[in-house]
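Student: I have a model open and want to test the labels people put on its parts. Can we go through the reasoning one label at a time?

Tutor: Yes. Take a look first.

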Amino acid sequence: MIDLDELVNNDGSEQSREIFWNQDLYQLEIERVFGRCWLFLTHESLVPNYGDFVTSRMAEDEIIVCRQKDDSIRAFINSCTHRGNQVCHAESGNARAFICNYHGWAFGTDGALVDIPLEQRCHAQVNKEDCGLPQVRVESYRGFLYGCFDADAPSLEEYLGEFGWLLDTWMIGAGNGAELLGPPSKSILDCNWKVPAENFVGDAYHVGWTHAAALEVMGGELAGLAGNRADMPFDDMGKQFTTRHGHGFGVINNAATSIQVDRADYDKFIAEQLPKVAENLGEARANLFNGHWNSTLFPNNSFLYGTNTFKVWHPRGPHQIEVWTWTLVHKDMDLDLRKKIQKGAAFSFGTAGTLEADDGENMMTCTYSNRGSVTRRGTIRSTMGLNHEGPHPDYPGIVGASFIGETSYRGFYRFYKEMLKAENWYAIRDKDDSWDSTFENRDFWKNHPTAS
Ligand code: FES
Ligand SMILES: [Fe+2]
């Protein structure tokens, strides 16, 4: 078995290549990361009425998410307690019951077992109360629904912590917040789940190189990055953030809509909303509202704000993922603008999106190069911007000086290692006050006030 101390170094700047390949490690991740963290399920607006449901997944567990009579939301395991058949095969819909198509056991919209065919003659010994579909914790943050298997885990709000304050930039925004357009598109990619998760949490470095051709075609603020022609990094063009529990993002200032092809109406929308955002949330977050974000909410929920793609990387073994992609929109947007953004997001980061395709090949080879047993003995690194980061006067967490850096990689992998090593959430809570102690240059922003 793998030595977890060797897997990621102390400050998260170096990882063993085993992280993308090892089968035993994958099983430990399923148990200790996916079994204990909050995992994205769906948005409340996609299950608006009683009986509305979507089927989702938490790692490799199939889940039903359903709106209840009292308007609350429940989530339960989509596997019949008789012989294990999937009780709901639809991706979404409205139901009064979920009836297993093997022998006909019927479960209510709350997951309780309500009917067994031939119950008295064949199944009198079954206590129906004990045979409901196992319930999963489900909580909402600003309408975004997450599930958690661990009864000892903190609330979703605590799990997000300071990252919630940052998310409020667009989850509250000018007041009415955001929602998702579904149903999600779904595709398979042959890579380890952490390759796209780390890419979205903090990789602006690859944009000018991997996406050079697409940037040339699209134009806009980022076109200057194409082929790395510009002088990088840009200390005055953006930042990187990492907060407790491994969440993080990078922001490129004044470039929210830069990857949208048809962007005039979206630009107008942002300009109209900005003064209200500043009034609601202050200048610091108004600046973020006007920026383009690449982000991962630990472990596997990633999004690009501005490009407005919103994703989950569902693991399917160590070397494959299922990619689910929704479109993110502000509730204040009219139908026309929503459609434009949905089209733009499909063009860039949909299943066959120009930028999605660019990334896919890298994701696969970053994974599969490690099938070589000698290759796998090596390490990979995320040292960019080390010590050019620290507590910031205006923002929570640890803030890196440039959007091209690996501050949020280091935060992601530090917490990844912490989750793998911790026996339970109590051990994780014990480190709440010292989680950022490996980011050593505490006075970075004091000594570089102009960069802020
Ligand atoms: S497996 Fe579902 S009713 Fe038998
Ligand atoms: Fe990319």
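Tutor: This is a predicted model. Start with Trp21, which sits in the loop between β1 (14-16) and α2 (23-34).

Student: What makes Trp21 count as buried or exposed?

Tutor: Its relative accessibility is 16%. Buried means under 20%. Therefore Trp21 counts as buried.

Student: Which residues is Trp21 in contact with, leaving aside neighbours within four places in sequence?

Tutor: Pro318, His319, Thr367, Tyr368, Asn370, Arg371 and Arg376. Contact here requires heavy atoms within 4.5 Å.

Student: How do you know that Trp21 and Gly317 come together in space despite their separation along the chain?

Tutor: Compare two numbers. They are 296 residues apart along the chain, yet their C-alpha atoms are separated by 9.7 Å.

Student: Now the largest nonpolar core. Which residues have the most contacts inside it?

Tutor: Leu7, Val33, Phe144, Trp170, Phe298, Phe310 and Tyr416. The core has 114 residues. Helix α13 (residues 407-421) gives the largest share, seven residues.

Student: Why is this core said to lie between domain 1 and domain 2?

Tutor: Domain 1 (39-140) and domain 2 (162-451) both give residues to it, so it lies between them.

Student: What does Phe310 touch, not counting residues up to four places away in sequence?

Tutor: Its partners are Phe40, Phe144, Tyr146, Trp170, Leu180, Asn301, Ser302, Phe303, Trp324, Thr325 and Trp326. Apart from the largest core lies another core, of 17 residues. Ile64, Phe107, Ile116 and Cys131 are among them.

Student: Next, the empty space. Why is something called a cavity and not a pocket?

Tutor: In a cavity, a 1.4 Å probe fits but cannot get out, whereas a pocket is an open set. The count here is two cavities of 30 Å³ or more.

Student: How do you know that the second largest cavity makes that count?

Tutor: Its volume is about 50 Å³. The cut-off is 30 Å³ or more. The largest cavity holds about 180 Å³ of space.

Student: What lines the largest cavity?

Tutor: There are 17 lining residues, and His206, Val207, His292, Asn294 and Leu304 are the closest to its centre. α6 (194-202), β15 (292-297) and α12 (354-368) each supply at least two residues. By type, the lining divides into 10 nonpolar, five polar and two charged.

Student: What makes up the lining of the second largest cavity?

Tutor: Thr243, Arg244, His245, Gly246, Gly411, Arg414, Phe415, Glu418 and Trp435. They divide into two nonpolar, four polar and three charged. Gly counts as polar by this rule.

Student: And the largest pocket: which residues lie nearest its centre?

Tutor: Glu198, Asp203, His206, Cys366 and Tyr409, out of 22 lining residues. The pocket holds about 550 Å³ of space. α12 gives the largest share of the lining, four residues. The lining divides into eight nonpolar, eight polar and six charged.

Student: How many residues lining the second largest pocket are charged?

Tutor: Five, alongside five polar and one nonpolar. The lining includes Arg414, Lys417, Glu418, Lys421 and Lys431. Asp, Glu, Lys and Arg count as charged. This pocket holds about 240 Å³ of space.

Methods
Residues numbered from 1 in each chain as written. Chains lettered and ligands numbered in written order. Predicted model: local features only at pLDDT ≥ 70, side-chain atom pairs only at ≥ 80, totals over all residues. Heavy atoms only, no water. Core = buried A, V, L, I, M, F, W, Y, C linked by side-chain atoms within 4.5 Å. Buried < 20%, exposed > 50% of the residue type's maximum accessible area, 1.4 Å probe, protein only. Domains from an automatic or database assignment. 1 Å grid on protein atoms, 1.4 Å probe; cavity = no way out; pocket = protein on both sides within 12 Å on 5 of 7 lines; lining within 4 Å. Points joined across faces, edges and corners; volume = space filled by probe spheres on them.
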